[in-house]
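Visitor: Please take me through one part of this model in detail. I would like the salt bridges, and the surroundings of the residues that form them.

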Amino acid sequence: MMKKILSRSYLGLLLVMLYAPILIIIIFSFTEAKVLGNWTGFSFKLYTSLFQGGVHHSLVNALWNTLIIGLIAATFSTILGTMAAIGIHNLKPGARKAVQLANNIPILNPDIITAISLFLLFVTLGISQGYTTVILAHISFCTPYVVLSVLPRLRQMNDNLYEAALDLGATPFQALRKVLFPELKPGMLSGFILAFTLSIDDFVVTLFTIGNEGLETLSTYIYADARKGGLTPELRPLSAIIFITVLVLLFVINQRAAKKKL
Amino acid sequence: MQRFNLHTILRTALFVLVLASTGLFFNSCKESKESRSKILKIYNWADYIDEDLLTEFPVWYKEQTGEDIKIVYQIFDMTEVMYTKIALGEEDFDLVCPTQAIIERMMYNHLLIPFDRNFGSTPNYLSNISPFIRERLDAFSKESMKAEDYVVPYMWGTSGVLYNTKLVSAEEVSSWNCLWNPKNKGKVLMKDSYWDAYNVASIFAYANDIASGKRSVYSVANDHTPEDIALVEEYLKRLKTNVAGWEADFGKEMMTKGEIWLSYAWSGDAVWAIEEAASVDVSLDYIVPDEGSNIWFDGWVIPKYAGNVKAASYFLNYLCQSEVALRNMDISGYSSAVATPEILDEQLDSTLTETVNLSYFFGPGNDSLQVNPIQYPDSSIVARCAIFNDFLDKNDTVLEMWSRAKGDSLNQGMAIMIFAFFFLLAVYLIYKRVLRYQSKKRRLGKKK
Amino acid sequence: MYAFTNNEGDFSFTNFRKFWMQPEAMNTFIYSVGIALITTFLCLVLGYPAAYILSRMESRSSKILVLLFILPMWINFLIRTLATVALFDFLSIPLGQGALLFGMVYNFLPFMIYPIYNILQKTDKSLIEAAQDLGANPRQVFIKTILPLSAPGIYSGIMMVFMPVISTFAIAELLTINNIKLFGSTLQENIYNGMWNYGAALSLVMLLLIGITSLLNTGGNAKATEEGGLI
């Protein structure tokens with residue numbers, strides 16, 4: 001019993017630490033002050049002005065872009081990453097080490113280096129920059145993370161399961177779907193979430209690959225504003241809204257899962 | 001049953017996503033097919049222009065030339081990124097708005113092209129720019145390139161000290177010494193910009209020479225001789241011990257919170273900070289120290305790879321109209337380089353008690369005006385300011401000096417810890433190798 | 001490619017020599033490595049128990065909790081860090097190295113928890129039970145069974161924390177008002193200010209470091225997983 005309480009409270013403590021800054025953001029979203037940390041009285045003004053962005057430089061627009069890019073990039077990198085992981089898993093140890101090393105390079109590289117090299121690459125290839133280049137760039141740096149999520153699962157999985165399925169008469173595709181994927185699903189899911197998280201938070205790589213058509217993601221919008229006039233105050237209600245939404249979503253999923261068990 | 005539903009949902013979602021992305025891809029292909037002469041690409045800082053103008057300009061343009069135009073507006077947050085994109089990436093922006101030092105660098109590296117003064121029947125508003133700014137602009141003319149052909153000044157201002165009136169006296173901040181004064185230790189912020197830091201340190205270091213007339217502010221800031229650089233390094237090292245830190249964007253915010261008593265700031269930022277601080281009952285003010293400072297300005301230029309010089313030139317003309325300039329001033333909080341009577345009228349504030357002499361900017365006869373002195377400094381202040389140039393080929397040397405001055409944080413404890421760690425790691429790895437070797441031997445031994 | 005040419009475009013090692021000779025660059029690098037080590041260590045110490053506890057809980061609530069750990073990452077990095085600054089302000093804790101470490105751990109802890117949690121989840125519980133049946137006390141069970149089995153997760157976690165910490169400069173900038181400089185800043189400054197050659201050389205240095213660490217680790221790790229199977 002004691003152990004349970006200890007372990008629960010430990011987790012609780014960590015969560016408090018993680019969420020303290022976010023709490024601050026939410027609290028200060030209810031004041032008009034331009035600077036985070038000043039309180040000028042309770043007000044909803046920021047929430048209303050949030051949805052009145054200009055046409056060219058709009059926060060909501062940027063958010064929308066960020067979400068779309070994130071989802072697309074995450075999906076493709078999950079697919080790519082899983083395939084890669086399976087491939088890596090079946091390589092001989094020598095080649096495996098080499099490919100793993102190559103895989104890890106984007107993770108370990110400082111993001112600005114990745115950003116500039118991708119930028120130069122796109123320039124050399126003459127690809128006009130915009131949505132496509134950003135998505136491609138995001139895919140390229142998210143995929144290694146997916147590989148890292150899926151590969152350990154493959155290692156832990158019993159290799160014979162796949163062969164057993166084949167022996168029992170399944171076609172390779174069926175074996176893939178019914179044996180491999182369920183095993184890998186948690187890894188793929190966590191890879192997807194990881195890739196999505198990385199994509200929506202990314203700044204430098206996006207900055208260099210957005211081209212000149214006026215594309216903006218949340219990160220580039222925020223950083224650009226921060227340089228000129230301090231952090232856009234409207235960000236605070238935006239973050240609060242995103243946060244609450246996801247929290248509610250999680251709660252709903254939790255409830256649905258509970259119903260399923262019954 | 002439920003598992004199947006989830007599965008199908010996921011599959012349809014995936015399908016839709018793939019469709020969406022291919023759709024987007026084709027869409028972007030389609031856009032590039034639109035004629036380039038109907039598009040104007042503008043690259044600017046955030047919140048630096050009235051965005052409604054971006055929708056009004058196409059109307060004006062159609063009136064003047066009968067042609068359609070669409071504006072594509074892109075934001076950058078750091079000059080260096082902008083520079084990299086244009087220099088390395090050959091991006092085809094039509095208009096960019098850098099600060100004068102970068103403009104100089106771009107001109108020097110042949111990255112700019114002159115704009116087109118042929119405006120047909122449209123009146124030429126370019127002469128609205130104050131001669132004061134235009135003169136300073138001329139200092140950049142190099143070889144056969146007249147700066148006036150390449151740049152249209154946009155906003156201008158000074159650099160000085162933003163200070164908390166309750167915690168620091170006005171007298172104290174009338175000298176750059178306030179930044180070095182141990183009395184303010186830990187309560188001072190300096191910009192994390194080697195350009196600003198070098199110039200401030202240099203002016204302060206040579207304050208006596210400037211006062212006695214031996215050297216001008218301009219020469220102190222722009223000569224960049226090895227002795228200058230060495231002396232600046234010394235001063236910067238001393239400054240480092242006194243500052244709370246080197247801020248890039250959040251200095252003015254920390255000042256409104258009262259944690260920092262004084263900081264180096266640009267006039268436009270100061271205006272913003274003073275307003276914001278007032279809303280939380282913190283009283284700030286801005287001053288340009290007596291030793292001297294700089295006048296900075298930024299301007300619109302057309303990069304080498306631009307695709308639509310005609311529309312760009314028209315836009316520059318458009319910007320120089322009084323009403324347009326006023327609106328931009330409103331949004332950005334800075335002072336426009338346009339000096340027409342209309343602008344002057346708007347700036348007059350009869351509640352101000354002190355007057356400033358602005359004949360240098362608006363023309364003779366304007367020597368006692370009630371205008372915000374931060375946005376429009378008095379002529380006495382301007383007299384002790386100079387334009388700071390870019391370091392150009394001394395850039396590398398100064399950067400090295402800058403990183404030496406800022407130093408590093410490595411201390412004994414950290415170094416020891418790191419060495420210990422790697423030492424242990426090496427020991428551990430070797431130990432494992434030895435074990436493996438031994439167990440291999442044992443296994444081989446057993447087999448026999 | 002840029003790394004190997006100096007400003008005149010000649011093939012030369014000048015840039016590398018510059019790195020060695022400039023003590024601040026070297027020191028900044030070493031310091032960043034140190035910060036990265038401490039951060040990784042802290043993340044490991046804090047994260048492993050968390051991942052362990054999470055893997056022990058029933059799958060429904062543990063999944064939600066794990067997502068809760070990831071959730072802060074979805075709030076934009078800059079505003080998160082600024083909120084941390086505001087937090088420290090509020091609690092009147094001065095910014096500096098401590099704040100830096102807190103900020104780093106705060107940002108990277110989820111990256112450490114996630115892989116370890118994944119691995120532990122998938123661990124065959126029967127192995128642990130077998131060890132217990134064979135008479136091992138809880139400590140032995142942990143050290144000889146669970147730990148080696150979770151090694152790939154630990155390895156992933158370290159990878160996702162260690163190197164990015166060296167290159168993340170924004171946290172250092174904001175949480176120490178630029179007093180502490182990490183290697184990532186040096187890199188960024190050089191590239192941004194037009195000294196592309198030097199910047200490229202610096203990044204090659206990092207790449208080298210990556211290569212060395214990866215080789216060492218993969219070599220050691222593969223064997224570990226093999227031997228991990230043996231009790």
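Guide: What follows is a close look at the salt bridges, then a shorter look at packing.

This is a predicted model, in which local features need pLDDT of at least 70 and side-chain atom pairs count only at pLDDT 80 or more, while totals for chains, interfaces and linings use all residues. Residues are numbered from 1 along each chain as its sequence is written, chains are lettered from A and ligands numbered from 1 in the order written, and side-chain values use heavy atoms, without hydrogens and water.

Over all chains there are 18 salt bridges. The term means a side-chain nitrogen of Lys or Arg within 4 Å of a carboxyl oxygen of Asp or Glu.

Start with the network: salt bridges link B:Asp50, B:Glu56 and B:Arg327. B:Asp50 pairs with B:Arg327, with 3.1 Å between the closest N and O atoms. These two are 277 residues apart. B:Asp50 sits in the loop between β1 (39-44) and α2 (51-65) of chain B, and B:Arg327 in helix α15 (residues 322-332) of chain B. Helices (H or I, at least four residues) and strands (E, at least two) are DSSP runs, numbered from the N terminus.

B:Glu56 also bridges to B:Arg327, at 3.0 Å from N to O. B:Glu56 belongs to helix α2 of chain B and B:Arg327 to helix α15 of chain B, so this pair ties together parts 271 residues apart in sequence.

Exposure varies here. Buried means under 20% relative accessible area, exposed over 50%, and partly exposed in between (1.4 Å probe, protein chains only). B:Asp50 is buried at 9%. B:Arg327 is partly exposed at 27%. B:Glu56 is partly exposed at 33%.

Another bridge joins B:Asp228 and B:Arg215, at 3.1 Å from N to O. B:Asp228 is in helix α11 (residues 226-242) of chain B and B:Arg215 in the loop between α9 (207-212) and α10 (217-222) of chain B, so the parts tied together are 13 residues apart in sequence. B:Asp228 is buried, at 2%. B:Arg215 is buried too, at 17%.

Now the nonpolar packing. A nonpolar core is a set of buried Ala, Val, Leu, Ile, Met, Phe, Trp, Tyr and Cys residues joined through side-chain atoms within 4.5 Å. The largest has 245 residues, and B:Phe57, B:Trp156 and B:Phe315 have the most contacts inside it. Helix α5 (residues 97-122) of chain C gives the most to this core, 15 residues. A second, separate core has 42 residues, including B:Phe204 and B:Met401.
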